[in-house]
Amino acid sequence: QVRLVQSGGGLVQAGGSLRLSCAASTRTFSRYSMGWFRQAPGKERECVASINWSGSTTYYADSVKGRFTISRESAKNTVYLQMNSLNPEDTAVYYCAARVGYHSVDGYNIWGQGTQVTVSS
């Protein structure tokens with residue numbers, strides 16, 4: 001069973017940056033498409049970014065496009081979410097997720113533990 005372990009997150013002022021990491025415990029990392037999701041209090045979980053197995057194709061939600069960057073490093077079985085120009089609306093619990101096959105905004109069945117990101121105004 002693949003495990004995803006997240007790191008990063010925390011408290012940052014508006015306009016600041018954070019990087020989230022998600023390490024996968026698998027020898028077949030390249031089989032998985034990866035996604036980053038977030039859920040704010042009282043809101044539905046949304047996919048903010050996803051990346052295919054090779055890193056050649058990415059998706060971004062409109063709300064983060066141009067500010068967030070998803071990437072993956074196969075040698076470390078790790079996916080990253082670089083978040084720049086953060087604003088208070090980005091405050092949420094962020095989750096990484098994995099699925100076999102093509103990257104998508106849904107269909108993920110392996111989840112990290114979640115990490116809080118709080119952006120102060």
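Visitor: Why does Tyr108 count as buried?

Guide: Its relative accessibility is 8%, and buried means under 20%. The value lies under the cut-off, so Tyr108 is called buried. Please note that the model before us is predicted.

Visitor: Where does Tyr108 lie, and which residues does it touch?

Guide: Tyr108 lies in the loop between β9 and β10. Leaving aside residues up to four places away in sequence, Tyr108 touches Ser33, Met34, Gly35, Phe37, Ser50, Ala97, Ala98, Arg99 and His103. A contact of this kind requires heavy atoms within 4.5 Å. As for Tyr32, it is 76 residues from Tyr108 in sequence, while their C-alpha atoms are 9.8 Å apart in space.

Visitor: Ala97 is among those contacts. Is Ala97 buried or exposed?

Guide: Ala97 has 0% relative accessibility. Because buried means under 20%, Ala97 counts as buried. This residue is found in strand β9.

Visitor: What does Ala97 touch, beyond residues up to four places away in sequence?

Guide: Ala97 touches Leu4, Ser33, Met34, Gly35, Phe37, Tyr108, Ile110 and Trp111. A separate C-alpha distance can be given for Trp53, which is 44 residues from Ala97 along the chain and 13 Å from it in space.

Visitor: What makes Tyr95 and Trp111 an aromatic pair, and how are their planes described?

Guide: The count for this protein comes to 3 aromatic pairs. For Tyr95 and Trp111, the rings are 6.5 Å apart, centre to centre, with 85° between the planes. Rings pair if their centres lie within 6.5 Å, and planes over 60 degrees apart count as edge-to-face. Both conditions are met, so the two residues form an edge-to-face pair.

Visitor: How do you know that this pair links distant parts of the chain?

Guide: Tyr95 belongs to strand β9 (residues 92-100) and Trp111 to strand β10 (residues 110-111), and the two residues are 16 residues apart. Ring pairs also link Phe37, Tyr95, Tyr108 and Trp111 into a cluster.

Visitor: Why are Tyr95 and Trp111 not called buried?

Guide: Tyr95 has 22% relative accessibility, and Trp111 has a relative accessible area of 28%. Partly exposed residues lie between the limits of 20% and 50%. Each value falls in that range, so Tyr95 is partly exposed, and Trp111 is partly exposed as well.

Visitor: What makes the phi of Asn77 worth a remark?

Guide: Most residues other than glycine have a negative phi. Asn77 has a positive phi of about 50° although it is not a glycine. Asn77 lies in the loop between β7 (68-73) and β8 (78-83). At 18% relative accessibility, Asn77 is under the 20% cut-off and therefore counts as buried.

Visitor: What is the phi of Ser85, and where is Ser85 found?

Guide: Phi of Ser85 is near 50°, which is a positive value in a residue other than glycine. Ser85 is found in the loop between β8 and β9. With a relative accessible area of 43%, Ser85 falls between 20% and 50%, so it is partly exposed.

Visitor: Why is Val100 called partly exposed?

Guide: The relative accessible area of Val100 is 44%. That value is neither under 20% nor over 50%, so Val100 is partly exposed. Val100 is found in strand β9. Not counting residues up to four places away in sequence, Val100 touches Arg31 and Tyr32. The C-alpha atoms of Val100 and Ile110 are separated by 9.6 Å, and these residues are 10 apart along the chain.

Visitor: How many helices and strands does the protein have?

Guide: There are 0 helices and 11 strands.

Visitor: How do you know that the protein is as compact as a globular protein of its length?

Guide: The radius of gyration is 13 Å, and the globule rule gives 14 Å for 121 residues. The two values are close, so the protein is as compact as a globular protein of that length. Along its principal axes, the C-alpha trace spans about 40 × 25 × 25 Å. Buried residues make up 45% of the 121 residues.

Visitor: What share of the contacts between residues at least 6 apart in sequence joins residues at least 24 apart?

Guide: The share is 56%.

Methods:
Residues numbered from 1 in each chain as written. Predicted model: local features only at pLDDT ≥ 70, side-chain atom pairs only at ≥ 80, totals over all residues. Heavy atoms only, no water. Helix = DSSP H or I, 4+ residues; strand = E, 2+ residues; numbered from the N terminus. Rg over C-alpha atoms; globule rule 2.2 N^0.38 Å. Buried < 20%, exposed > 50% of the residue type's maximum accessible area, 1.4 Å probe, protein only. Phe/Tyr/Trp six-rings, centres within 6.5 Å; stacked < 30°, edge-to-face > 60°.
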